[in-house]
Amino acid sequence: MATNSAVERQASSPNARVKGPLVWLDMDQKELDDAYDQTVYAPNQPLVAARRKIASESVLKRLGPPERVAYGSSEIEKLDIYKTNRPNAPVNIYIHGGAWRNGSAKDFAFPAEMFINAGAHFVVPDFVQVQDAGGSLMPMAEQVRRAVAWVGKNAERLGADPGRIFISGHSSGAHLAGVTLVTEWRKDFGAAPDIIKGGVLVSGMYDLKPVRLSKRSEYVRFTDEIEEKLSALRHLDKLNTPVIVAYGTQETPEFQRQAREFAAAVKAAGKPVQLIVGEGFNHFEMQETFGNPYGIAGRAALEMMQLKPGGI
(Lines give C-alpha, C1' and ligand atoms only; values in the text may rest on other atoms or scores of the structure.)
Protein backbone atom coordinates (compact mmCIF):
# COMPACT_ATOMS: atom_id res chain seq x y z
CA MET A 1 0.00 0.00 0.00
CA ALA A 2 2.85 2.39 0.83
CA THR A 3 4.39 1.82 -2.56
CA ASN A 4 1.10 2.45 -4.36
CA SER A 5 0.58 5.63 -2.36
CA ALA A 6 4.05 6.83 -3.29
CA VAL A 7 3.32 6.21 -6.95
CA GLU A 8 -0.01 8.03 -6.67
CA ARG A 9 1.64 11.01 -4.97
CA GLN A 10 4.30 11.14 -7.68
CA ALA A 11 1.71 10.94 -10.45
CA SER A 12 -0.32 13.72 -8.89
CA SER A 13 2.70 15.93 -8.23
CA PRO A 14 2.54 19.28 -10.04
CA ASN A 15 6.09 18.64 -11.25
CA ALA A 16 5.30 15.25 -12.80
CA ARG A 17 5.59 15.25 -16.60
CA VAL A 18 2.44 14.28 -18.43
CA LYS A 19 3.13 11.99 -21.39
CA GLY A 20 2.10 13.57 -24.65
CA PRO A 21 0.67 12.03 -27.82
CA LEU A 22 2.68 9.13 -29.24
CA VAL A 23 5.00 10.15 -32.07
CA TRP A 24 7.05 6.99 -32.65
CA LEU A 25 6.37 3.53 -31.21
CA ASP A 26 5.58 4.11 -27.53
CA MET A 27 7.38 7.48 -27.36
CA ASP A 28 5.98 10.98 -27.18
CA GLN A 29 7.90 13.90 -28.68
CA LYS A 30 10.16 14.52 -25.69
CA GLU A 31 11.01 10.86 -25.31
CA LEU A 32 11.84 10.57 -29.01
CA ASP A 33 13.92 13.76 -28.91
CA ASP A 34 15.83 12.41 -25.93
CA ALA A 35 16.32 9.08 -27.71
CA TYR A 36 18.26 10.90 -30.44
CA ASP A 37 20.21 13.09 -28.02
CA GLN A 38 23.11 11.07 -26.64
CA THR A 39 23.97 13.57 -23.92
CA VAL A 40 20.70 12.74 -22.14
CA TYR A 41 21.88 9.16 -21.67
CA ALA A 42 25.64 9.81 -21.43
CA PRO A 43 26.34 12.64 -19.00
CA ASN A 44 30.07 11.86 -19.13
CA GLN A 45 30.27 12.92 -22.79
CA PRO A 46 32.57 15.92 -22.09
CA LEU A 47 34.98 13.68 -20.18
CA VAL A 48 35.07 11.04 -22.93
CA ALA A 49 35.54 13.74 -25.59
CA ALA A 50 38.48 15.14 -23.62
CA ARG A 51 40.03 11.66 -23.42
CA ARG A 52 39.59 11.20 -27.18
CA LYS A 53 41.26 14.55 -27.86
CA ILE A 54 44.23 13.67 -25.65
CA ALA A 55 44.49 10.20 -27.22
CA SER A 56 44.46 11.62 -30.76
CA GLU A 57 47.07 14.25 -29.90
CA SER A 58 49.28 11.58 -28.32
CA VAL A 59 49.02 9.34 -31.37
CA LEU A 60 49.97 12.24 -33.65
CA LYS A 61 53.03 12.96 -31.53
CA ARG A 62 54.14 9.34 -31.79
CA LEU A 63 53.32 8.78 -35.46
CA GLY A 64 53.76 12.24 -36.91
CA PRO A 65 51.21 13.94 -39.14
CA PRO A 66 49.26 11.82 -41.63
CA GLU A 67 49.56 12.16 -45.38
CA ARG A 68 46.83 14.59 -46.45
CA VAL A 69 45.41 13.87 -49.90
CA ALA A 70 42.49 15.29 -51.89
CA TYR A 71 39.83 12.86 -53.08
CA GLY A 72 37.61 15.55 -54.63
CA SER A 73 37.57 19.12 -55.85
CA SER A 74 36.17 21.01 -52.85
CA GLU A 75 38.40 22.15 -49.99
CA ILE A 76 36.86 19.78 -47.45
CA GLU A 77 37.31 16.68 -49.63
CA LYS A 78 40.58 15.41 -48.19
CA LEU A 79 41.78 12.21 -46.54
CA ASP A 80 44.11 11.71 -43.59
CA ILE A 81 46.19 8.62 -44.38
CA TYR A 82 48.19 6.79 -41.71
CA LYS A 83 50.45 4.21 -43.34
CA THR A 84 51.71 0.94 -41.97
CA ASN A 85 55.12 -0.42 -42.93
CA ARG A 86 53.65 -3.69 -44.16
CA PRO A 87 53.60 -3.92 -47.98
CA ASN A 88 50.36 -4.56 -49.83
CA ALA A 89 48.45 -3.94 -46.62
CA PRO A 90 44.70 -3.82 -46.09
CA VAL A 91 42.96 -0.49 -45.47
CA ASN A 92 40.43 0.55 -42.87
CA ILE A 93 38.45 3.67 -43.81
CA TYR A 94 36.98 5.22 -40.67
CA ILE A 95 33.92 7.47 -40.95
CA HIS A 96 33.70 9.73 -37.94
CA GLY A 97 30.53 10.74 -36.14
CA GLY A 98 29.34 14.02 -34.70
CA ALA A 99 25.58 14.15 -35.33
CA TRP A 100 26.40 15.05 -38.98
CA ARG A 101 27.43 18.53 -37.80
CA ASN A 102 30.62 18.15 -35.73
CA GLY A 103 34.09 16.69 -35.98
CA SER A 104 36.92 16.50 -38.48
CA ALA A 105 39.44 13.87 -39.54
CA LYS A 106 42.21 15.21 -37.29
CA ASP A 107 40.02 14.63 -34.23
CA PHE A 108 39.93 10.90 -34.91
CA ALA A 109 43.58 9.93 -35.08
CA PHE A 110 43.29 7.84 -31.90
CA PRO A 111 42.63 4.45 -33.61
CA ALA A 112 45.47 4.91 -36.15
CA GLU A 113 48.21 3.37 -34.03
CA MET A 114 46.23 0.20 -33.41
CA PHE A 115 45.64 -0.33 -37.13
CA ILE A 116 49.14 0.45 -38.38
CA ASN A 117 50.72 -1.72 -35.67
CA ALA A 118 48.46 -4.57 -36.77
CA GLY A 119 49.60 -4.10 -40.38
CA ALA A 120 46.83 -1.97 -41.92
CA HIS A 121 46.60 1.50 -43.36
CA PHE A 122 44.13 3.77 -41.58
CA VAL A 123 42.26 6.41 -43.57
CA VAL A 124 39.93 9.11 -42.20
CA PRO A 125 38.07 11.29 -44.71
CA ASP A 126 36.82 14.79 -44.08
CA PHE A 127 33.41 15.66 -45.49
CA VAL A 128 31.02 18.58 -45.42
CA GLN A 129 28.97 19.19 -42.30
CA VAL A 130 25.22 19.35 -42.65
CA GLN A 131 24.94 23.04 -41.76
CA ASP A 132 27.36 23.83 -44.59
CA ALA A 133 25.30 21.80 -47.06
CA GLY A 134 22.00 23.62 -46.69
CA GLY A 135 20.78 21.07 -44.15
CA SER A 136 21.05 18.16 -46.60
CA LEU A 137 22.73 14.85 -45.82
CA MET A 138 23.11 13.94 -49.48
CA PRO A 139 26.40 15.81 -50.13
CA MET A 140 28.22 14.17 -47.23
CA ALA A 141 26.94 10.71 -48.20
CA GLU A 142 28.18 11.28 -51.74
CA GLN A 143 31.55 12.52 -50.49
CA VAL A 144 32.08 9.46 -48.29
CA ARG A 145 31.32 7.24 -51.26
CA ARG A 146 33.78 9.19 -53.40
CA ALA A 147 36.43 8.86 -50.70
CA VAL A 148 36.03 5.08 -50.73
CA ALA A 149 36.14 5.00 -54.53
CA TRP A 150 39.33 7.11 -54.47
CA VAL A 151 41.01 4.69 -52.07
CA GLY A 152 40.03 1.80 -54.32
CA LYS A 153 41.48 3.45 -57.42
CA ASN A 154 44.66 4.60 -55.67
CA ALA A 155 45.27 1.65 -53.38
CA GLU A 156 48.40 0.43 -55.14
CA ARG A 157 49.93 3.91 -55.03
CA LEU A 158 49.37 3.89 -51.28
CA GLY A 159 51.04 0.50 -50.93
CA ALA A 160 47.66 -1.04 -50.18
CA ASP A 161 45.83 -4.11 -51.38
CA PRO A 162 42.81 -2.97 -53.47
CA GLY A 163 41.16 -6.28 -52.66
CA ARG A 164 41.19 -5.63 -48.91
CA ILE A 165 39.39 -2.36 -48.28
CA PHE A 166 37.20 -2.20 -45.17
CA ILE A 167 35.00 0.50 -43.68
CA SER A 168 34.09 1.34 -40.11
CA GLY A 169 32.12 4.10 -38.46
CA HIS A 170 30.56 5.33 -35.26
CA SER A 171 27.26 7.13 -34.63
CA SER A 172 26.38 9.35 -37.62
CA GLY A 173 29.58 7.95 -39.14
CA ALA A 174 28.11 4.46 -38.83
CA HIS A 175 25.01 5.79 -40.57
CA LEU A 176 27.15 7.08 -43.45
CA ALA A 177 29.21 3.88 -43.52
CA GLY A 178 26.00 1.86 -43.70
CA VAL A 179 24.79 3.97 -46.61
CA THR A 180 28.16 3.47 -48.29
CA LEU A 181 27.85 -0.30 -47.94
CA VAL A 182 24.65 -0.31 -50.03
CA THR A 183 26.08 1.78 -52.87
CA GLU A 184 25.63 0.63 -56.46
CA TRP A 185 29.37 0.69 -57.02
CA ARG A 186 29.52 -0.52 -60.61
CA LYS A 187 26.72 1.77 -61.78
CA ASP A 188 27.81 4.90 -59.91
CA PHE A 189 31.60 4.56 -59.82
CA GLY A 190 32.60 1.82 -62.24
CA ALA A 191 33.96 -0.16 -59.30
CA ALA A 192 33.49 -3.77 -58.25
CA PRO A 193 30.24 -4.36 -56.31
CA ASP A 194 32.32 -5.75 -53.44
CA ILE A 195 34.94 -2.99 -53.40
CA ILE A 196 34.41 -2.96 -49.62
CA LYS A 197 35.22 -6.32 -48.07
CA GLY A 198 33.63 -5.74 -44.68
CA GLY A 199 32.04 -3.13 -42.44
CA VAL A 200 32.02 -2.46 -38.70
CA LEU A 201 29.07 -0.25 -37.76
CA VAL A 202 29.03 0.94 -34.16
CA SER A 203 26.17 2.84 -32.52
CA GLY A 204 24.61 3.96 -35.78
CA MET A 205 21.26 4.76 -37.40
CA TYR A 206 20.01 2.71 -40.31
CA ASP A 207 16.44 3.95 -40.84
CA LEU A 208 15.93 7.71 -40.85
CA LYS A 209 12.16 7.77 -40.32
CA PRO A 210 12.28 8.16 -36.52
CA VAL A 211 15.27 10.49 -36.77
CA ARG A 212 13.24 12.70 -39.08
CA LEU A 213 10.48 12.85 -36.47
CA SER A 214 12.94 13.90 -33.75
CA LYS A 215 14.44 17.27 -32.93
CA ARG A 216 17.31 16.52 -35.32
CA SER A 217 14.95 17.79 -38.01
CA GLU A 218 15.64 21.26 -36.59
CA TYR A 219 19.03 21.26 -38.33
CA VAL A 220 18.63 18.51 -40.94
CA ARG A 221 16.25 19.27 -43.80
CA PHE A 222 14.84 15.80 -44.20
CA THR A 223 12.89 15.04 -47.36
CA ASP A 224 11.21 11.86 -48.55
CA GLU A 225 14.15 11.33 -50.91
CA ILE A 226 16.76 11.70 -48.15
CA GLU A 227 14.84 9.41 -45.82
CA GLU A 228 14.49 6.75 -48.50
CA LYS A 229 17.91 6.90 -50.14
CA LEU A 230 19.92 7.26 -46.94
CA SER A 231 18.21 4.54 -44.90
CA ALA A 232 20.56 1.57 -45.33
CA LEU A 233 17.94 -0.75 -43.85
CA ARG A 234 15.81 -0.27 -46.97
CA HIS A 235 18.52 -1.23 -49.48
CA LEU A 236 19.92 -4.50 -48.21
CA ASP A 237 19.59 -6.05 -51.66
CA LYS A 238 22.67 -3.98 -52.54
CA LEU A 239 24.72 -5.17 -49.56
CA ASN A 240 27.63 -7.27 -50.83
CA THR A 241 29.87 -7.68 -47.80
CA PRO A 242 29.84 -9.03 -44.23
CA VAL A 243 28.81 -6.58 -41.53
CA ILE A 244 29.47 -6.35 -37.81
CA VAL A 245 26.93 -4.24 -35.93
CA ALA A 246 27.58 -3.13 -32.34
CA TYR A 247 25.90 -1.04 -29.67
CA GLY A 248 26.19 -0.41 -25.93
CA THR A 249 23.57 -1.24 -23.33
CA GLN A 250 23.80 2.28 -21.89
CA GLU A 251 22.93 3.94 -25.20
CA THR A 252 19.54 5.49 -25.88
CA PRO A 253 16.62 3.11 -26.50
CA GLU A 254 16.48 4.12 -30.16
CA PHE A 255 20.16 3.55 -30.89
CA GLN A 256 19.90 0.13 -29.30
CA ARG A 257 16.77 -0.68 -31.31
CA GLN A 258 18.26 0.60 -34.56
CA ALA A 259 21.27 -1.71 -34.17
CA ARG A 260 19.24 -4.77 -33.25
CA GLU A 261 16.71 -4.32 -36.04
CA PHE A 262 19.35 -3.60 -38.67
CA ALA A 263 21.31 -6.72 -37.74
CA ALA A 264 18.10 -8.78 -37.75
CA ALA A 265 17.14 -7.42 -41.18
CA VAL A 266 20.57 -8.23 -42.62
CA LYS A 267 20.28 -11.76 -41.26
CA ALA A 268 16.76 -12.13 -42.65
CA ALA A 269 18.09 -11.03 -46.06
CA GLY A 270 20.50 -13.95 -45.95
CA LYS A 271 23.60 -11.76 -45.64
CA PRO A 272 26.46 -12.39 -43.17
CA VAL A 273 26.14 -10.30 -40.02
CA GLN A 274 27.31 -10.36 -36.42
CA LEU A 275 25.69 -8.37 -33.61
CA ILE A 276 27.89 -7.37 -30.68
CA VAL A 277 26.46 -5.92 -27.47
CA GLY A 278 28.71 -3.79 -25.29
CA GLU A 279 27.48 -4.47 -21.77
CA GLY A 280 27.71 -1.34 -19.64
CA PHE A 281 28.97 0.94 -22.42
CA ASN A 282 27.32 4.19 -23.45
CA HIS A 283 27.45 5.78 -26.89
CA PHE A 284 30.71 7.64 -26.47
CA GLU A 285 32.45 4.86 -24.58
CA MET A 286 31.71 2.54 -27.50
CA GLN A 287 33.60 4.94 -29.77
CA GLU A 288 36.67 4.79 -27.51
CA THR A 289 36.94 1.04 -28.04
CA PHE A 290 38.01 1.62 -31.66
CA GLY A 291 41.46 2.53 -30.35
CA ASN A 292 41.93 -0.63 -28.31
CA PRO A 293 42.81 -3.92 -30.05
CA TYR A 294 41.11 -5.74 -27.16
CA GLY A 295 38.15 -3.36 -27.01
CA ILE A 296 34.76 -4.11 -28.53
CA ALA A 297 35.13 -2.17 -31.79
CA GLY A 298 38.91 -2.53 -32.13
CA ARG A 299 38.82 -6.29 -31.74
CA ALA A 300 35.88 -6.56 -34.16
CA ALA A 301 37.62 -4.46 -36.82
CA LEU A 302 40.90 -6.40 -36.61
CA GLU A 303 39.17 -9.77 -36.67
CA MET A 304 37.14 -8.76 -39.72
CA MET A 305 40.37 -7.76 -41.47
CA GLN A 306 41.99 -11.03 -40.29
CA LEU A 307 44.66 -9.12 -38.40
CA LYS A 308 46.11 -9.59 -34.93
CA PRO A 309 47.10 -6.92 -32.42
CA GLY A 310 50.61 -5.70 -33.11
CA GLY A 311 50.74 -7.80 -36.29
CA ILE A 312 51.72 -10.88 -34.27
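Helices (H or I, at least four residues) and strands (E, at least two) are taken here as DSSP runs, numbered from the N terminus. On that basis, the protein chain carries 13 helices and 10 strands. The model is a predicted one, so local features need pLDDT of at least 70 and side-chain atom pairs count only at pLDDT 80 or more, while totals for chains, interfaces and linings use all residues. Residues are numbered from 1 along each chain as its sequence is written, and side-chain values use heavy atoms, with hydrogens and water left out.

As for overall dimensions, the C-alpha trace spans about 70 × 40 × 40 Å along its principal axes. The radius of gyration (over C-alpha atoms) is 20 Å, which agrees with the value near 20 Å for a compact globule of 312 residues, the rule being 2.2 Å times the number of residues to the power 0.38.

Buried residues (under 20% relative accessible area, 1.4 Å probe, protein chains only) account for 53% of the 312. Contacts (heavy atoms within 4.5 Å) are counted between residues at least 6 apart in sequence, and 74% of these join residues at least 24 apart. The accessible surface (Shrake-Rupley method, 1.4 Å probe) adds up to about 13900 Å², with 52% of it belonging to carbon and sulfur atoms.

Turning to a single residue, Asp34 sits in helix α2, which covers residues 29-35. Asp34 counts as buried because its relative accessible area is 16%. Leaving aside residues up to four places away in sequence, Asp34 touches Val40, Tyr41 and Thr252.

Technical notes:
Buried < 20%, exposed > 50% of the residue type's maximum accessible area, 1.4 Å probe, protein only.
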